[in-house]
Amino acid sequence: MPGVHRDRVKGGGPRRSPQRVIQLVSAVVLNGYMAGFRKGTIFTGSSKAVCVPVLNCYSCPGALGACPIGALQAAAGGVKHHFPFYVLGLLTLFGVVLGRLACGLLCPFGLVQDLLHHIPVPKMTVPPALDRPARWLKYGILLVFVLLLPAFVSGITPPYFCEYICPAGTLGGGVPLLLTNPPLRELAGALFTWKALVLAAVVLLSMLVHRPFCRYLCPLGAFYALFQRFSFYQMSLERDKCVDCKRCEKACPMAVEVTKQINSAECIRCGRCKYVCPTGAIKSGF
């Protein structure tokens, strides 16, 4: 069963990772407005003013809350370019408490990438010479598209990341709304074609490489990564139990060197390393 990782541990039976169950529950809770999918409308209740801790498009018909990256751009890029105290404060709180745990367990688009990677096609390993520098791209997107352009371009500015890059928004917002609203399909032009191409590229790469969007493009993951080393939630490796089998590193969707840097900024704390460890050497918690 995809997402259920079993292994025999010393003195016990198989252990099962709860990751997939948590991901599914999170996706349903964050996008629980089922009438929106049926009617092709967007939920506008009071909870839409509250930022959720993951990338979850405001325009998704089922979304009950606001995407923090979209809210950050909207606050910084408004008429008066207000400093986004509320959004940055909330994101900092999530980062300090969870680190990138939200990426591994709560993000619906992370779930989509995980499921796509289970499609039985030949997998690809990105060469380290390309992989390592490419991982810095998400920090550049956070700095330029999410922070600098909305804050310093004069006038009312568009949410640059949401409008020109975000494949999660295209999948969760653009596609369902176009499918349920024929008039909107007539208005879709070159910009939507570009966004559809970005989504198609991420979908294809997700089949070949585990979580390419999280690795290389996600500005929210980049923000949370800044708090990874000192967040309340941490991973730990008991060296005296480790037999150096490297099963943890083979299971890691982010290709983290678990035995060297278990709390790497790239770790999304999905727990897969913990549940494949044959000796129970890996622990996690607050």
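**Exercise 1. Strand pairing**

Find out in which sense β1 and β2 pair, and over how many bridges.

*Solution.* Start with the two stretches: β1 covers residues 234-237, and strand β2 covers residues 282-285. In this predicted model, the two strands pair in the antiparallel sense over 4 bridges. For a concrete anchor, pick Met235, whose bridge partner in β2 is Ser284.

Now follow the side chains along β1, which alternate. Met235 and Leu237 point to one face and are buried. Gln234 and Ser236 point to the other face and are not buried.

**Exercise 2. Aromatic rings**

Classify the pairs Phe223 with Phe227 and Phe227 with Phe230 by the angle between their planes.

*Solution.* Begin with the overall picture: the whole structure holds 8 aromatic pairs. In one of them, the rings of Phe223 and Phe227 are 5.4 Å apart, centre to centre, with 50 degrees between the planes. An angle over 60 degrees would count as edge-to-face and one under 30 as stacked, so this pair falls into the rest and is tilted.

Next, take Phe227 with Phe230. Their centres are 6.0 Å apart and their planes stand at 70 degrees, so this pair is edge-to-face.

Then step back: Phe223, Tyr224, Phe227 and Phe230 make up one aromatic cluster. To finish, compare surroundings. Phe223 and Phe227 are both buried, Phe227 having a relative accessible area of 12%. Phe230, in contrast, is exposed, with a relative accessible area of 52%.

**Exercise 3. Salt bridges**

Are the partners Arg211 and Asp114 buried or exposed, and which parts of the chain does the pair link?

*Solution.* The structure has 11 salt bridges by count. In one of them, the side chains of Arg211 and Asp114 come together at 3.0 Å, N to O. Place each partner: Arg211 sits in the loop between α12 (190-208) and α13 (212-216), while Asp114 belongs to helix α6 (residues 108-117). The two are 97 residues apart, and the pair links distant parts of the chain. Both Arg211 and Asp114 are buried.

Now set two other bridges beside this one. Lys241 bridges to Glu238, with the closest N and O atoms 3.6 Å apart. Partly exposed means between 20% and 50%, so Lys241, at 33%, is partly exposed. Glu238 falls into that class because its relative accessible area is 27%.

The bridge between Glu249 and Lys246 has its closest N and O atoms 3.9 Å apart. Glu249 is partly exposed at 21% relative accessibility, and Lys246 is partly exposed at 27%. There is also a network: Asp131, Arg135, Lys138, Arg215 and Glu266 are joined by salt bridges that share partners.

**Exercise 4. The largest cavity**

Work out which helix gives the largest share of the lining of the largest cavity, and how many lining residues are nonpolar, polar and charged.

*Solution.* A useful reminder first: rolling a probe the size of a water molecule over the atoms shows where empty space is left. Here the count comes to 3 cavities of 30 Å³ or more, and the largest has a volume of about 110 Å³.

Of its 16 lining residues, Leu55, Cys103, Cys107, Cys214 and Cys218 are the closest to the centre. Go through the helices next: α5 (101-105), α6, α13 and α14 (219-225) each supply at least two lining residues. The largest share, 3 residues, comes from α6. Sorting the lining by class gives 11 nonpolar, 3 polar and 2 charged residues.

Terms used: Residues numbered from 1 in each chain as written. Predicted model: local features only at pLDDT ≥ 70, side-chain atom pairs only at ≥ 80, totals over all residues. Heavy atoms only, no water. Salt bridge = Lys/Arg side-chain N within 4 Å of Asp/Glu carboxyl O. Buried < 20%, exposed > 50% of the residue type's maximum accessible area, 1.4 Å probe, protein only. 1 Å grid on protein atoms, 1.4 Å probe; cavity = no way out; pocket = protein on both sides within 12 Å on 5 of 7 lines; lining within 4 Å. Points joined across faces, edges and corners; volume = space filled by probe spheres on them. Nonpolar A, V, L, I, M, F, W, Y, C, P; charged D, E, K, R; others polar. Pairing = 2+ DSSP bridges. Phe/Tyr/Trp six-rings, centres within 6.5 Å; stacked < 30°, edge-to-face > 60°.
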